[in-house]
Amino acid sequence: MSAIDTASRNAPARRGAVRRFAASPRAVVSALVLGTIVVLVALAPVIAPHDPNTADLGRAFDPPEAGHPLGLDPAGRDVWSRLLHGGRFTLAGAAVAVAVALAAGVPAGLAAGYRGGWFDTLADWWFNLTMALPAMVVLLASRAVLGPTVWTLMVILGLLVAPSFFRLVRSTVAAMRGELYVDAARVFGLSDTRIMGRHVLVVVRAPIIIQTALVAGMAIGLQAGLEFLGIGSGDLPTWGAMLNEAFTNVHRDPLLMLWPGLALGLTSAALVLLASALRDVLEDRGAPAATGRRARSRATGGPAPSVSAEDRTALLSVRGLTIAYPHDDGSAKQVVNGIDLEVRRGEILGLVGESGSGKTQTAFSVLGLLPEGGRVEKGSVTVDGQQIVGAGERTLRRLRGSTVAYVPQEPMSNLDPAFTVGDHLTEPLRHKLGLSRARARERALELLRQVEISDAERVLASYPHQISGGMAQRVLIAGAVSCDPDLLVADEPTTALDVTVQAEILALLRSLRTERGMGVLLVTHDLGVVADVCDRVAVLREGRIVEHGSAERVLTAPEAPYTRDLLDAVLDNTPARGPWRPREEETR
Amino acid sequence: MLAFALRRAGSGLTLVLVISVLAHTLLALPDPDVGRQLLGPAAPQELVDEHNAALGLDRPLAVRYADWLAAAVRFDLGHSWFTNESVTQSLANRLPVTLSLMGGVTLVTAVVSFVLGVWAGVRRGAVDSAVQAVGVIGYALPSFLITLIMVIVFAVQLGWFPAVGYTPPGVSLTGWLSTITLPVLALSVPAVAGVSQQVRSSVIDVLGRDHVRTLRARGLPFPRVVFRHVLRGAATPALTVLAMQFVGMLGGAVIVEQIFGLPGIGAMTVQYTTRGDIPVIMGVVMVSVLVVVVVNLLVDVLVAWLNPKARLS
Amino acid sequence: MHTRAPATPATAAAGVALLVLAGCAGPPGDDDPATLTIGTMTVPQSLDPADAMGSAAPYFQAVYDSLVRREPDGTYAPMLATEWSYDDTLTELELTLREDVAFDDGTPFDAEAVKANLERFPEAGGGQAHTLEGLEGVEVADEFRAVVHLSQPNRALLYYLSDAAGFMANPGSLGDGLATAPDGTGPYELDPGRTAIGTTWVFERKDEYWGEPLPYEEVAISAFDRENALVNGVRTGQINAAVVQEADQQSVVRSEPGLESVPQDIDYQGLILFDRDGHLVPELADRRVRQAVNHALDRPTMLDKLVDGQGELTDQVFGTETAAYEPELDSRYEHDPERARELLAEAGHPDGFDLTLPRMPEIVGEPMATSISTDLAEVGIDLEWDELDPANALRAVFTDQAYPAMVMNNAQPAEDWVTVAELVLPGTFNFLGTTDDTVGELVREIQNAPADEAAEPARELNRHLVEEAWFVPFYRLTYQHVSDGNVEIEPQSGAAAPSLYNYTPAG
């Protein structure tokens, strides 16, 4: 994957974001509310019926009437006109705060995160210092020096919240600094500023936009709070000032609090909603149909299985399986389209295909663990004669681990970084098999030795980040076989490993199959692996099985043109797919 | 370990020093006329000048700071220019009030936010929408409004809690609880709104990670996976937000302390800063910085406990 | 534990931590009938009598006695001094003292103590030091007779001796210590263990007091930042008594069943025109211009809307209990923009003029600022408000003398001379020293006339000042003395804070 590729991939992503935005009711409603408020406020000089400062004290507290739709305030000024004009200062104030915070926080965060070194140390120290300053003291003292205006307060507020932008940008940038495509871009000779502008900013864009909405909401709320403390914004009719004015007269005219309170509340609420909607849209969290217990069963439920459980003697039997991801607009994207598979005891079935062919989704459906939003639309999956599709969580839990087990693709991300290898191995042993702590530990050591880890004691006490990838994969395999399953679902178990380790892991799988008589569903894109260990092969392309047969036959005399292409690619010694990439690209 | 502790202490000390310089300069810049404020309009100018000179206000800023620092290192923070209270004594009186509030709010926020956030993140759907709505409302309502409404309803109308004042736990534990309950709840509303969203977001994030699927594939019950593994993974970012809330509360407590007539640090901040009571505010600043340093340290320790990877670096 | 650790900073820090955890003892129970809890927004600068101010009188009255006691109606009664008399020149006041009073350490209260206290007061540089201006010295006639010598008559001396200047501290303690460790002969003593300066002061009744003991065994004074909190405290019975000033809070108090409230007109609110000689704003030198300003303001509407009708319109600065007070002067300047414009035209300013006034938001809220500038604009005067930083507002007005006028709330004590001294004599609120022949002559007359003959010149002075429009008073503000029903409060003439002696258990 080259840098150019990555950059070009962002364009459609952006268009996608716009579409997702339009499809999210939360985003649309909050944007509409905000837009309406901004337009009304911007047009205040045109649409406000009165001058906001013209007072007729004799009519103070008068109720709403023609010409004064919201009545008159404690000084006899038109509330509606003040609300409109006041919004300009309130919103402009918030804009100032946001602008200052962005200007102070983002460039510093980019530079610190990207460059690191002394600038990072210095900037981090400075922003830590800013956060340790008592905000109220700084606000009050600055106001005494710079004058009692809303602008002073908002500039200072901007400086005080700048650290939140700094930290956000810095950590995001630092995390991606080492990532492949930035390195690649560097190799291509792009200048740092270009990389920063074209690639890095794109990544931090979403969190910045979200934070901006939150800070704007906070600034508006803070204006009101400061007014309440008597730290006013001079003579400008901000909503906060109006709210406080109303509060000092709350017993004489409680209704006066309603309008500025409503304006403030609506604006803040719209900003927060927009932020959360943007988060989902920009970070592509989509609003999944639902999960949870109810949702999980729905995800695997779908229509009744079209094939009955008769004639399902095989260890794993997949019949007419169709998996789809519904979109918000009601349509659904089918990723697996009516496939049939069978795995017998002691047999290794290779499920081969390119990325996106649906092989991983098939593997997940066997475990009853489709990712969020995915569901089995049609078909059935039985393991050891038991229906997986539509089964309750309790049934699935009983089957998982002891009947069907799972070896994932990427070893590191599949171990919980907060727990030791020992914890990972003993937890299922104790929980599923009811072993005592000491017994579970013994068994875990035994398992580690079985997967040919010599230094078992040390590994047991290690955290995932302290062991190598190959070691981690062995640990995962040890975990998978710990409760003596009948069927092993191995999803690209060797892809992330280097070649010598690959061979060892494959040998391990083979011996486990032989010793324990396990069936294995081996998901892979690598025909070499297939040739090495598989008894039979199913070739998957765009959710359909294009070829199915014994490994020997398929590899030597492929029938489908697609299989031939795959084989040719291997012979040309070009990999059918690039190196391993983060999981998002695999499962989505 | 020793080197780490030393480095930590060193950076904390530098922070305290730099902030004290900044704060002192910032407070002295408006050049508050203490004598005139104290003696009122009637006092002749000579008297005012004399009073200011007696406080050392006629000397250069740097000298005044040096004097303050020299006394401060001997734990002598001086006396208020306006009420003559010993700053150390005053802080000792007021800090327990504010710490009670902050501790209570942190506890309530942590518990409620985690329950709501995990619930929303795991169940999604209607529960999620409801939790988000609570968050939006908590954010959107100005906090002083929430506070005022709570006082009127629960203290004045229903009489369940006292409307004003503070009882130290040393005098009466139940009295203490009854005096801080309403202020803690009032402060917790916006805090819960913020932190629960963070927890929800982290939980969703962690739930989508590979190791959670793998753990479930081992046949571990989903609730167990959530409480043992997901929660721990989601705790680190939530903890950071919680810590920021805690630090921010030193300022946020101002309104609540004023409304409930609580004699805490926050309540004194506005009035004393406005008048320019530099010794008192310097004391407040020092205490705030100290709290920040301690909280940051605690967070680091907790994060290290939660996340073994952080232990090494 | 085997060895005692020496006190190091670490153990000191541990001590502080313990202190923090334990907290300090709080205020006493609120519904205890033996305890009076007063809520206030006023915090004394210290408990040294040299720093005393009338608004903080109850703090001082708890621990100190004054030479003269001022009754609720403003008349003077014996306290530490049992008798007093002036000589014919009104520059010598002879005080006869009680003979059975002693300070806590046994030091007797005598003429020497009076001398030490009174002579220190103007020197110590407190906010009220100017009230004893012109004190030449105190002569110790004998052990219990002291003679106060003045350089010129001070008609308010007795008032001042019943106020800040009159509090008598132990002469052995005069110095810095009094600020936090008061040492007087008063009916209570400060309980430092339960006092947290700045928030709560607790006073315990002394076992031995020379006079009639006050009805409460314990008095606690709690300071608040917001009147709203104060009123909530009274509503829930945590505070027994308080003064409520804000119009909105007054309406809460009045409408709340179970609360007792006593109204009192205390301060007047209005513009003080400093620049009557036209140094900053030449137009103000003309009486007609000042009268025009008076006519321009719509006082009835201001009273009705700004303070919810809680007050009485007035055009004079002397209070209703003074000899100078003339009821008909309260309506001297009707709201009459037409007349105001005429007066301005007569003065040669038909197009009005520009005016910039200082604004301290706690006195002049937005609505008041807007209404005044609207009313003045109506007659052609273009008013701008400068919002001042509270820390430096007084400096800008009184030291830098940067503004021609200012809106203030001023007390109206029953003693004419207090008003004369503060508002008319060159100094405090007449810092530019305006005067004229009539004023000079009347002031001299008041100052030197026998007590029963001072009323007429005072009234005349008042009429003259109103006619000359030295001031633009708006109204006398009504405050509510509110109690939770367990305390009866008798307002103190001319003071917002009732004397400590004015609180009694209800029923």
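In chain C, the C-alpha centres of domain 1 and domain 2 lie 31 Å apart. This is a predicted model, in which local features need pLDDT of at least 70, side-chain atom pairs count only at pLDDT 80 or more, and totals for chains, interfaces and linings use all residues. Residues are numbered from 1 along each chain as its sequence is written, while chains are lettered from A and ligands numbered from 1 in the order in which they are written.

**Domains of chains C and B**

Domain 1 of chain C covers 11–259 + 484–505, and domain 2 of chain C covers 266–477; such bounds come from an automatic or database domain assignment. Between them, 13 residues of domain 1 of chain C and 19 residues of domain 2 of chain C make the contact, where two residues are in contact if their C-beta atoms, placed from the backbone, lie within 7 Å. Helix α6 (residues 247–255) of chain C provides the largest share of the domain 1 side, three residues. Helices (H or I, at least four residues) and strands (E, at least two) are DSSP runs, numbered from the N terminus.

Chain B is also assigned two domains, domain 1 (2–72) and domain 2 (100–312), and their C-alpha centres are separated by 33 Å. Here 14 residues of domain 1 of chain B meet nine residues of domain 2 of chain B. On the domain 1 side, α1 (2–28) and α2 of chain B each supply at least two residues, and α1(B) brings the largest share, nine residues.

**Contacts between chains**

Turning to whole chains, 62 residues of chain A are in contact with 58 residues of chain B. α6(A) gives the most to the chain A side, with nine residues. Chain B also touches chain C, through 51 residues from chain B and 46 residues from chain C. Among the elements supplying at least two residues to that side of chain B are α5 (87–123) and α10 (222–259) of chain B.

The table shows the make-up of four contact sides. Ala, Val, Leu, Ile, Met, Phe, Trp, Tyr, Cys and Pro count as nonpolar, Asp, Glu, Lys and Arg as charged, and the others, Gly among them, as polar.

| Side | Nonpolar | Polar | Charged |
|---|---|---|---|
| Chain A, touching chain B | 35 residues | 17 residues | ten residues |
| Chain B, touching chain C | 29 residues | 17 residues | five residues |
| Domain 1 of chain C, touching domain 2 of chain C | seven residues | five residues | one residue |
| Domain 1 of chain B, touching domain 2 of chain B | ten residues | four residues | no residues |

**A sheet in chain A**

Six strands of chain A form an open, mixed sheet in the order β6-β7-β8-β3-β9-β10. Two strands pair if DSSP finds at least two bridges between them. At the edges, β6 (404–407) and β10 (544–550) of chain A each pair on one side only. Within the sheet, β3 (residues 348–352) and β8 (residues 519–524) of chain A run parallel and are joined by five bridges; A:Leu349 has A:Leu521 in β8(A) as its bridge partner. Helix α18 (residues 469–481) of chain A lies across β6 and β7 (487–491) of chain A, at about 175 degrees to β6(A). Axes are lines fitted to C-alpha atoms, for helices over the stretch in contact, and angles run from 0 to 180 degrees between N-to-C directions.

**Confidence in chain B**

Chain B averages a pLDDT of 85, and 97% of the residues score at least 70; pLDDT is the predictor's confidence in each residue, from 0 to 100. Among the elements of chain B, helix α4 (residues 61–72) has the highest mean pLDDT (92) and helix α13 (residues 308–312) the lowest (64).
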